Amino acid sequence: MKTIHAWALVLALIVSYPLELEGQETHGDSLTKLKAQWKSIAEIKPAVVLIMASTEDGVSFGTGFVISSDGYIVTNEHVVHSAQEIKVYINNEKEYVAHVATADQDYDLAILKVNGFNLITVKLGDSDDANEGDDVGVVGYPYVDRFLAE
């Protein structure tokens, strides 16, 4: 039986692409704010990956993102827990075989490694710069079936 895990990464909330324009008022120009949000998503999207992990119980899917151009990827530990084989799909184009470089079950965090180079990465922000009420965005693959149909 296939188990599909389409959890968005909490870590995606700290990427350094602001979804609100600097100095913009809450009731400011909605169209300008929307354009800035779409631009931010377009900048992040090439570094977002789909992960497919094969286990004894079936297949689990999840989302991750590239954090280094030489192939390190952050995801959730539950996506790759007890995986016998891990495949990573980058930007709907390339498939890589991955292995778990390190994982922490308590924090539900895993770092994967693929043999890649010159990969597009996300720029991580500083959580100390985040404030209550800041706009955030989550990017991932919630509709795995659509991805697999492509």
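**A six-stranded antiparallel barrel**

In the predicted model, 6 strands close into a barrel, and their order around it is S1-S2-S3-S6-S5-S4, with antiparallel pairing. Averaged over neighbouring strands of this sheet, and with direction ignored, the turn of one strand against the next is 40°. Strands of a sheet pair through backbone hydrogen bonds, and the pairing can be either parallel or antiparallel.

The pairing of S1 with S4 joins the two ends of the strand order as written. Strand S1 covers residues 48-55 and strand S4 covers residues 85-90; the two are antiparallel and share 6 bridges. Within this pair, Val-49 lies opposite Ile-90 of S4.

Strand S6, formed by residues 109-114, stands between S3 and S5 in the barrel order. On one side, S6 is joined by 4 bridges to strand S3 (residues 72-75), and the two strands run antiparallel. Ile-73 has Leu-112 in S6 as its bridge partner. On the other side, 6 bridges link S6 to strand S5, which spans residues 94-104, again in the antiparallel sense. Here Thr-102 is matched with Ile-111 of S6. Strand S6 is also mostly covered, as 5 of its 6 residues are buried, where buried denotes a relative accessible area under 20%.

S5 and S6 form a hairpin with 4 residues between the strands. In this hairpin, Asp-108 adopts a positive phi near 55°.

Key. Residues are numbered from 1 along each chain as its sequence is written. This is a predicted model: local features need pLDDT of at least 70, side-chain atom pairs count only at pLDDT 80 or more; totals for chains, interfaces and linings use all residues. Side-chain values use heavy atoms; hydrogens and water are left out. Two strands pair if DSSP finds at least two bridges between them. Axes are lines fitted to C-alpha atoms, for helices over the stretch in contact, and angles run from 0 to 180 degrees between N-to-C directions. Buried means under 20% relative accessible area, exposed over 50%, partly exposed in between (1.4 Å probe, protein chains only).
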